[in-house]
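Please open the structure in your viewer and keep the selection panel at hand. The stops below are meant to be taken in order.

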Amino acid sequence: MGISAAFAHDLQTPSDIHGPARIVVGERLAAAKSKLVKQGWKPTPMHTTDGYEYSGVEKELATRNYFELDTCSFDSSRCILYYAKKGACLRVDTIGEQFNDMTVTRWTRECPEAPQ
């Protein structure tokens, strides 16, 4: 079963407006992270020891200590960030070319892949 099928039940639907810690689609990333942290979600450090080189908007997030960042696409400025709470994982997807414009597009109960 593919990842998309395995987590399809966790994707937002029109009746599921609010996510963990009451984050919402379209909310600014900084506000969503603040809510998550206040509710006990901890950023999952992603590239702190693997030599990953940030580029584009990734560099801006790294300078703001968003080390839960996994990756951002070059073509659409979509980014993936991970959080954890009491053994549960949370993937938060965003879009935006600059930090102040980044908004939440979706979230899933998905853990990051283990390093190769």
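**First stop: the disulfides**

Select Cys72 and Cys79: Cys72 is buried, and Cys79 is buried as well, where buried means under 20% relative accessible area, exposed over 50%, and partly exposed in between, with a 1.4 Å probe and protein chains only. This is a predicted model, in which local features need pLDDT of at least 70 and side-chain atom pairs count only at pLDDT 80 or more, while totals for chains, interfaces and linings use all residues. Residues are numbered from 1 along each chain as its sequence is written, and side-chain values use heavy atoms, with hydrogens and water left out.

Cys72 and Cys79 form a disulfide with their sulfur atoms 1.9 Å apart, the term standing for a pair of cysteine sulfur atoms within 2.5 Å. Because the torsion about the S-S bond of Cys72 and Cys79 is about 105°, this disulfide is right-handed.

The structure holds two disulfides, so move the selection to Cys89 and Cys111, which a disulfide joins with an S to S distance of 1.9 Å. Cys89 lies in strand 4 (residues 88-95) and Cys111 in the segment after strand 5 (103-108), so the pair ties together parts that are 22 residues apart in sequence. Helices (H or I, at least four residues) and strands (E, at least two) are DSSP runs, numbered from the N terminus. The link of Cys89 and Cys111 is right-handed, with 90° about the S-S bond. Cys89 counts as buried at 15% relative accessibility, whereas Cys111, at 41%, counts as partly exposed. With the bonded cysteines of the chain numbered in sequence order, the pairing reads 1-2, 3-4.

**Second stop: strand 4 and its partners**

Now select strand 4 as a whole: six of its eight residues are buried, so strand 4 is largely enclosed by the rest of the structure. Strand 3 (residues 78-85) pairs with strand 4 in the antiparallel sense over eight bridges, two strands being paired if DSSP finds at least two bridges between them. Strand 3 and strand 4 form a hairpin with two residues between them, and Lys86 in the turn has a positive phi of about 50°. Strand 4 and strand 5 also pair in the antiparallel sense, over five bridges, and Arg91 stands opposite Thr108 in strand 5.

Which residue in strand 4 is the bridge partner of Ile80? The partner is Asp93, which is buried with a relative accessible area of 9%. The side chain of Asp93 makes a polar contact with the side chain of Arg91 at 2.7 Å; such a contact is a pair of N or O atoms within 3.5 Å, where within protein one must be able to donate a hydrogen and the other to accept it, and residues adjacent in sequence count only if both atoms are side-chain atoms. Leaving aside neighbours within four places in sequence, Asp93 is in contact (heavy atoms within 4.5 Å) with residues including Cys79, Ile80 and Thr103.

**Third stop: helix 2**

Finish by selecting helix 2 (residues 29-38), in which Leu29, Ala32, Lys33 and Leu36 are buried. These residues cover an arc of only 100° around the axis, which puts them on the same side of helix 2; the arc is that of the directions from the helix axis to the C-beta atoms. If you add strand 1 (42-43), helix 3 (57-63), strand 3, strand 4 and strand 5 to the view, you have the elements against which the buried residues of helix 2 pack. Helix 2 is followed by Gly40, whose phi is positive, near 95°.
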